[in-house]
Amino acid sequence: MPSRDLIIVGAGPSGLSAAIAARQRGLDYQVVEQGALVNSIYNFPPQMVFFTTPELLEIGGLPFVSPYEKPTRAEALRYYRKVVDAFDLQISFEEKVLSVGPEMPEERESLPEATADTVFALETRSVRGVRRVRHARNVVLAIGYYDHPNLLNVPGEDLPHVSHYYDEPHPHYRRRVVIVGGGNSAAESALELFRAGAHVTLVHRWPELKSTIKYWVKPDIENRIKEGAIAARFGTCLSEIRPASVVVRGPAGVEELPADAVYLLTGYHPDWDLLAGAGVTLNDRGAPAYDPETFETNVPGLFVAGGAISGKDTAPIFIENGRFHGEKIVEAIARRP
C-alpha cells in the first residue's frame, strides 16, 4: 500500500478546504469520509436555514450564489458538490476511520523502500464491512462533532421514541413532544413543532434560554413561551424517560410530563476516543492540544481542523472560521522537507 503525503479524515467544509489546498500544493492526498459529502449538513433537518450568509460558507475561492440572504441546506449541499467537481477532489465515501496510530514494524517491512518513512497507519472499515489500512506521513482530523451527541445518561434514554436529532415536525401533529435543551436546535424545533400542531414542552436546566440563539428566533420562542403556546420548564433537569412520559425535577419539585416523543437536543462533541487513541492530549473540556498557528496537535504530523478542535464548547466553531483551518495546515506541511 503506497504512503501518501496526507490523509484527511472528514469531507466537511474544513476537510474539503484542506484537500483543495493539498491539491494546489501538489501533495499526494486522500480524503476519507465515513458517510456522504458534508455528512453533517446532509443530516441537518431538511428545512434548515443557515445562520450566516452564502459568501461565509465559500471554500476554494468558488462563489456561493443564492437568491436568499441566508442559504438553505439544499443549496449548501449543491454548492459543496460543485466544489468537489470543480477541483476533482479525491474522496473515499462510506469509509470510517477506526484508529490512527504509528505504523507497526511489520507494516514498515512490507512497504516499498520509497515509503519507509511513513508515520501513520489508519485502520478503516467501509459500510460493507471491508477493512483496510491506509498510510500517510501527515493526517488531518476534520471530523466535526455532530456524530456524537452529549448523552444525559438517564434511564430511558435509549427508548425508541427518544432521539438526539430533530428531523421534521409532521409526524408529531397533535402529539405531545418534550424537548430538552435551550439552544438554537431546541428553540427552532420547538417552534416548528408548535406550528405543525404538536403540543410542545421545553425543558432546560438553566433559568433562561441561551443567548446564542439566532437573533430572529429568540424573540419568537420567548413570546410563544410567554403566551403559553409552548410550555416551558426552566431550571429543570430530566430525571427519567418512560414509554409515555418524562420525569423532571425543578422549582416545582418532581413532575411527570406526558410525552409521545422526546428530543434530547443537548449538544454534541468530537470523537474523543479517536483523538485519544491517536495520542492527542485532551483538556478537561475535551478539546485537543494544538498549535493555534498550524493546528498541529501534540502528536507530530497529526492535525485537527474545524469542529474537531472544539471539545464540549462547540459554539465558537462554525463553517465561517473552520473553513480556513485546512489551508493553514497544508501550508505548514508544505514548508517541511
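The following exchange looks at helix 1 and its packing in a predicted model.

Biologist: What average pLDDT does the protein chain have, and which residues stay under 50?

Modeller: Across the protein chain, 95% of the residues score at least 70, and the average pLDDT is 93. Where pLDDT is low, the predicted coordinates should not be read in detail. That caution applies to the stretch where pLDDT stays under 50, namely residues 107–116.

Biologist: Why does the distance between the end C-alpha atoms of helix 1 agree with its number of residues?

Modeller: Helix 1 has 13 residues, and at 1.5 Å a residue they should span 18 Å. The expected span agrees with the model because the end C-alpha atoms of helix 1 are apart by 18 Å.

Biologist: How many residues of helix 1 are buried?

Modeller: A residue counts as buried when its relative accessible area is under 20%. The buried residues of helix 1 include Pro13, Leu16 and Ile20. Helix 1 is mostly covered, and of its 13 residues the number buried is 10.

Biologist: At what angle do helix 1 and helix 9 pack, and how far apart are their axes?

Modeller: Two packed helices are described by the angle between their axes and the distance between the axes. For helix 1 (residues 13–25) and helix 9 (residues 325–334), the angle is about 35 degrees and the axes are 7 Å apart.

Biologist: Which residues in helix 9 does helix 1 meet?

Modeller: From helix 1, the contact involves Ser14, Ser17, Ala18, Ala21, Ala22 and Arg25. The residues of this contact of helix 1 with helix 9 divide into 5 nonpolar, 3 polar and 3 charged. In helix 9, the residues met are Gly326, Glu327, Val330, Glu331 and Ala334.

Methods:
Residues numbered from 1 in each chain as written. Predicted model: local features only at pLDDT ≥ 70, side-chain atom pairs only at ≥ 80, totals over all residues. Heavy atoms only, no water. Axes fitted to C-alpha atoms, helices over the stretch in contact; angles between N-to-C directions. Helix = DSSP H or I, 4+ residues; strand = E, 2+ residues; numbered from the N terminus. Contact = heavy atoms within 4.5 Å. Nonpolar A, V, L, I, M, F, W, Y, C, P; charged D, E, K, R; others polar. Expected span 1.5 Å × (residues − 1). Buried < 20%, exposed > 50% of the residue type's maximum accessible area, 1.4 Å probe, protein only. pLDDT = per-residue confidence, 0-100.
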